[in-house]
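Welcome, and please open the structure in your viewer. This tour suggests what to select at each stop and tells you what is there.

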Amino acid sequence: MLRLYNTMTHQVEEIVPLHPGTVGMYTCGPTVYRYVHIGNLRSYLMADWIRRALVHHGFQVRQIKNITDVGHMRQDMLDRGEDKMIAAALAEGKTPSQIAAFYTEAFHQDEIALNILPANVYPKATDHVPQMITMIKRLLERGYAYEVNGNVYFDVRSFPTYGRLSTNRLAELQGGERAEADPLKRSQADFALWKAAEPGRMVKWPSPWGDGFPGWHIECSAMSTYYLGPQIDLHTGGVDNIFPHHEDEIAQSEAATGQPFVRYWVHGQHLLADGLKMAKSTGNSYTLSDLIERGFDPMAFRYLCLTVHYRTRLNFTFASLRAAQHAYDRLRRLAWHWAHHSDEAGDREVKEAWRQQFWNAVDDDLGLPQAISILWEMARSGLPPRDKWSLLSEWDTLLGLRLADTVAAELPRSEDVSRLLEERSVARRTGRYATSDRLREELQAQGVLVSDTRNGPRLEPIAILPRVDRLAGAVSSANAVASLLDEPDLVEFSVQILANGHLADLQRCIASVLANAGHHSIEIVVVDNGTTDGSAEWLQETSAANPRIRLLRADHNLGEAEGRNLGLRQSRGKIVLQLDTAVELTGDVFTPIAAALSDPKVGLVGRWGLRSHDLRHFEEHPGPEVDAVEGYFCAFPRRILKETDFYDPHYRFYRNLDINFSFEVKWKGYATRILELPVVLHEHRGWTALSNEEREKQSKRNFRRFLNKWGHDFDLLIEPIPEDLRPHHHPPSTVQE
Ligand code: AMP
Ligand code: ZN
């Protein structure tokens, strides 16, 4: 029997449903005002594997997965540009429900691509507002809720077991550590069941309390009761759902129905990308399409998730995805050969033992990583191929890797193929290898792959071959390439450009460098920072055609600092000039830079600079003396990196990275200067493409990083504030660019 870890009891428990033979399962589904990311998909994969394991044990599973198509839809939020994608769609005249329909469809496509079994019902929140209102009325009647000015709140103190799931004690919640206290609430721990519509709100419904919209948690309580009854067997979600979402669901449902709500709470740990929480501004939030665009099979992601237990964080990297793709391709190829091998079945008991081992691992709190390692042991074992495929095809009803699709590929058999094979074997026998190679290519064109083994030619359908690895030659970190820092200078200037997916800007920037290089010896070192907008292809062609352009490729966005470091490690210029793609040269910048840096006291020059008095606020300053040189355009002698070291890779976002680097240079005793140079700064898309929220979050993070390191080094400033006025703590930064 399947055993799972129940968040409520902190124990691994056998799943025994309320009604023998059937399991009611509720999975918290997506918010459909954006694409789901691969972290969300990891949670849905977990639910899919649980469901398949239950089906294996003969249960009938009824799964409900809600579609959250309400909320996040206030006109003023949109006016502030909080969600650019929605704002753009609205500007095009799309309605909120059209936008939701678009992202719902995209979500279904992702589930299909990942072979996630469709839920029995995907109820939309907006179709169930009457059920929510009924439940809220019930809570009011039973004294668990109160109304204030058209808002209805759940009275948390009326529900004594509140906090059990998340082990949050009420006293702590009431402490009011929350950012904004809501004056309408009796206790700050109370949560909204219904909210009055504010002026300008687009999505709202009439209710006994006036026009408004449901709170964030009531939809799951109302819809789970509607489709599965007051008590459900299994409820799944990601760990971030535990509090407040699921805590609030329990309070609402149990208070309204008077019955226990959920028998087993199962929560999946998060997926991290490059060790960090995924965020658009960090450049590490990936959708399934992002993986497909890079040439991966969605099944490679499914395989990757199988290799990490659901209660463990999964650190997603492209290197690990590539390894998963290779393992998956190997498995497909083996499966095909096993299935197309005609031999006898082997010892029944041996086969049965493998079978048991696999399902025991699955039953033990969904031990899929163990199940996968048992699978590979079985693959290496002496079991006859026929038994191997028989086991694997059964196991794939759980794994869901679509191995039967691979096995269904038939070897093309035609007269042409037979003739070519015969001719090729004659050619090989008579040592005409060029002919034999040509015939092999002709066979490939017919869909047959021939390889030569000790036992003669081996034939496979081309369809089972691994995908072409579009990322071949791309690296996953700056350290993956050698540092040439100790190598002698080869050219006067290394012009370094980081391609972040704004192709037109990139083209303008590179063209302006080539047009203004004059007689200087330069190399242009471009780092393709995991772009998927066509920049990668353009750069490949352009660098192949122009020997002055060197291309380094990252297999994903390494972040600003690592991306720059990748180029720096391979640069061979006496001077490094770093350009943002928003920059365009309009004349010779090289002669004045070389002149300024010929002064050994000067370590860093640029076109735009900043000054500060207190290390907390930096303002633009025309120079020539400045406290920091802005990173859009800066130049330094390459050898200085031996003293300062490369950029600090923690700065994934560009802001403050340049200030931090300037301080490293000054710390080593060098001056920083602004020069009058023929340069134009165009729209900086690294900033303008982000929402306010993302800007603020990332800016703050980098600002804190900077303050921790330099917050007390007033001596490094040109005009520091007097000692007695200096701050002793670190207030948060304000976001300005
Ligand atoms: P949301 O659309 O944010 O409500 O999330 C949908 C589902 O994905 C919920 O079950 C979340 O708990 C889950 N989820 C959100 N972020 C992640 C993540 N990084 N890794 C795994 N699951 C996640
Ligand atoms: Zn939910």
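Begin by selecting the zinc ion (ligand 2) in this predicted model. Its protein donors are Cys28 through SG, Cys220 through SG and His245 through NE2, and they lie 2.0 to 2.2 Å from the ion. Along the sequence, these donor residues follow the spacing C-x191-C-x24-H. Now colour helix α7 and helix α8 (residues 242-257): Cys220 sits in α7 and His245 in α8, so to speak a pair that links distant parts of the chain, 25 residues apart. Are Cys220 and His245 buried or exposed? Both are buried.

**Stop two: the helix holding Cys220**

Select residues 218-228 to show helix α7. This helix lies across β3, β4 and β9, and it runs at about 160° to β3. Those three strands lead you to the next stop.

**Stop three: the sheet**

In which order do the strands of this sheet lie? The order is β4-β3-β9-β10, an open sheet of four strands with parallel pairing. Select 60-65 and 262-268 to see the edge strands β4 and β10, each of which pairs on one side only. Looking along the sheet, you will find neighbouring strands turned by 20° against each other on average, direction ignored.

Next, zoom in on the pairings themselves. Strand β3 (residues 22-27) runs parallel to strand β9 (residues 232-238), and three bridges join them. For one example, pick Met25: its bridge partner in β9 is Leu234. On to β9 and β10, which pair in the parallel sense over six bridges. Here you can pick Gly237 and find its bridge partner His267 in β10.

How much of β10 is buried? Six of its seven residues are, which leaves the strand mostly covered.

**Stop four: from strand to helix to strand**

Keep β9 and β10 on screen and add helix α8. Together, β9, α8 and β10 make a right-handed β-α-β unit. While α8 is in view, select Pro244, which has its place in this helix. The peptide bond from Phe243 to Pro244 is cis, with omega near 0°.

**Stop five: the nonpolar cores**

Select Ile50, Leu291, Phe301 and Phe316. These are the residues with the most contacts inside the largest nonpolar core, which has 85 residues. Helix α1 (residues 38-56) gives this core its largest share, 10 residues.

Stay with Ile50 and look at what surrounds this residue. Which residues does Ile50 contact, leaving aside its neighbours within four places in sequence? They are Leu2, Leu4, Met25, Leu234, Thr236, Val266 and Leu366. Two of these names should be familiar from the sheet, as Met25 and Leu234 are the bridge partners you picked there.

A second, separate core has 41 residues. To find it, select Ala125, Met223, Ala255 and Trp265, which are among its members.

**Stop six: some backbone details**

Most residues other than glycine have a negative phi, and most peptide bonds are trans. The next selections depart from those habits.

Select His10, in the loop between β1 (3-6) and β2 (11-14). His10 is not a glycine, yet it has a positive phi of about 60°. At 45% relative accessibility, His10 counts as partly exposed.

Then go to Asn115, in the loop between α4 (96-113) and α5 (129-141). Asn115 also has a positive phi of about 60° although it is not a glycine. Is Asn115 buried or exposed? With a relative accessible area of 19%, Asn115 is buried, because the cut-off for that word is under 20%.

For another cis peptide bond, select Gly623 and Pro624: the bond between them has omega near 5°. Pro624 is found in the loop between β22 (619-621) and β23 (628-629).

**Last stop: the whole chain**

Zoom out to show everything. The chain contains 25 helices and 26 strands, and its C-alpha trace spans about 95 × 85 × 45 Å along its principal axes. Of the 737 residues, 55% are buried. Among contacts with a separation of 6 or more, 78% are between residues 24 or more positions apart.

Conventions:
Residues numbered from 1 in each chain as written. Chains lettered and ligands numbered in written order. Predicted model: local features only at pLDDT ≥ 70, side-chain atom pairs only at ≥ 80, totals over all residues. Heavy atoms only, no water. Pairing = 2+ DSSP bridges. Helix = DSSP H or I, 4+ residues; strand = E, 2+ residues; numbered from the N terminus. Axes fitted to C-alpha atoms, helices over the stretch in contact; angles between N-to-C directions. Contact = heavy atoms within 4.5 Å. Core = buried A, V, L, I, M, F, W, Y, C linked by side-chain atoms within 4.5 Å. Buried < 20%, exposed > 50% of the residue type's maximum accessible area, 1.4 Å probe, protein only. Donors = N, O, S within 2.8 Å, 3.2 Å for Na, K, Ca; no water. Right-handed = clockwise from strand over helix to strand, strands pointing away.
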